[in-house]
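Subject: Handover of a structure and the findings on it

Dear colleague,

Please find below the structure that I am handing over to you, together with its sequence. My findings follow directly after it.

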Amino acid sequence: MKNFVVKTLANAGALGVAIWLLQDITLTGESTGKKALTLILVALVFGLVNFLVKPFVKLLTLPLFILTLGLITLVVNALMLLLTSWLADQLDLSFHVEGFWTAVLGGLIISVVSWALNVVLPDGD
């Protein structure tokens, strides 16, 4: 359980950095508390998308992973971020990613920040 909370907080922090750095990734809300709650909920959705959908997509694109020496990971991460944005819209969460190239850059930022936070934060094992 502790590991789940740590990973969710790392995702929320990584999403927050991407929102802060890129103007085309937006999170809106009336107050800071509402924005923080929305960010946590979006991080949960993002984690769920990465847990359920990403392995299936990676399996389907395995030949492309081999052919591009793993660079297709940027595209897969961008698609997972766009899917999260779409799901957030369906769940009436005020999170939006505008465009594919913004999602590619956002996915790169989220990957790097999430990796760094997972190194620094304690592991629940």
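In which helix is L44 found? L44 belongs to helix 2. Please note from the outset that this is a predicted model.

As to its surroundings, L44 counts as partly exposed because its relative accessibility is 34%, a value that lies between the limits of 20% for buried and 50% for exposed. Once residues up to four places away in sequence are set aside, L44 touches F4 and T8. The C-alpha atoms of L44 and L27 lie 15 Å apart in space, and the two residues are separated by 17 positions in sequence.

Overall architecture

The protein has 6 helices and 2 strands. Along the sequence these elements follow the pattern α-β-α-α-α-α-β-α. The radius of gyration is 14 Å, close to the 14 Å given by the globule rule for 125 residues, so the protein is as compact as a globular protein of that length. The C-alpha trace spans about 45 × 35 × 25 Å along its principal axes.

Of the contacts with a separation of 6 or more, 73% are accounted for by residues 24 or more positions apart. Of the 125 residues, 35% count as buried. The exposed area of the protein is about 7,700 Å², and carbon and sulfur atoms supply 72% of it. With regard to charge, there are 6 positive and 7 negative charges, and their mean positions are 9 Å apart.

The nonpolar core

The largest nonpolar core comprises 30 residues, and L15, I25, L81, F95 and I110 are those with the most contacts inside it. At least two residues of this core come from each of the following elements: helix 1 (2–21), strand 1 (25–27), helix 2 (32–52), helix 5 (72–90), strand 2 (95–97) and helix 6 (100–120).

I25 may serve as an example. Leaving aside neighbours within four places in sequence, I25 is in contact with A18, I19, L81, F95, H96, V97, T102 and G106. Two of the core residues named above, L81 and F95, are thus among the contacts of I25.

Is A14 buried or exposed? A14, which is found in helix 1, is buried because its relative accessible area is 0%, and the limit for that class is under 20%. Neighbours within four places aside, A14 is in contact with I110, V113, S114 and L117. A14 and I109 are 95 residues apart in sequence, yet their C-alpha atoms are 7.3 Å apart in space.

Two loop residues with positive phi

Where is L69 found? L69 is located in the loop between helix 4 (62–67) and helix 5. Although L69 is not a glycine, its phi is positive, at about 55°. L69 counts as exposed because its relative accessibility is 77%, with the limit for exposed residues set at over 50%.

D92 is found in the loop between helix 5 and strand 2. D92 is not a glycine either, and its phi is positive at about 60°. With a relative accessibility of 71%, D92 also counts as exposed.

With kind regards

Note on methods. Residues numbered from 1 in each chain as written. Predicted model: local features only at pLDDT ≥ 70, side-chain atom pairs only at ≥ 80, totals over all residues. Heavy atoms only, no water. Helix = DSSP H or I, 4+ residues; strand = E, 2+ residues; numbered from the N terminus. Rg over C-alpha atoms; globule rule 2.2 N^0.38 Å. Buried < 20%, exposed > 50% of the residue type's maximum accessible area, 1.4 Å probe, protein only. Contact = heavy atoms within 4.5 Å. Areas by Shrake-Rupley, 256 points an atom, 1.4 Å probe, with all protein chains shown as cover. Lys, Arg positive; Asp, Glu negative; His and termini not counted. Charge placed at Lys NZ, Arg CZ, Asp CG, Glu CD. Core = buried A, V, L, I, M, F, W, Y, C linked by side-chain atoms within 4.5 Å.
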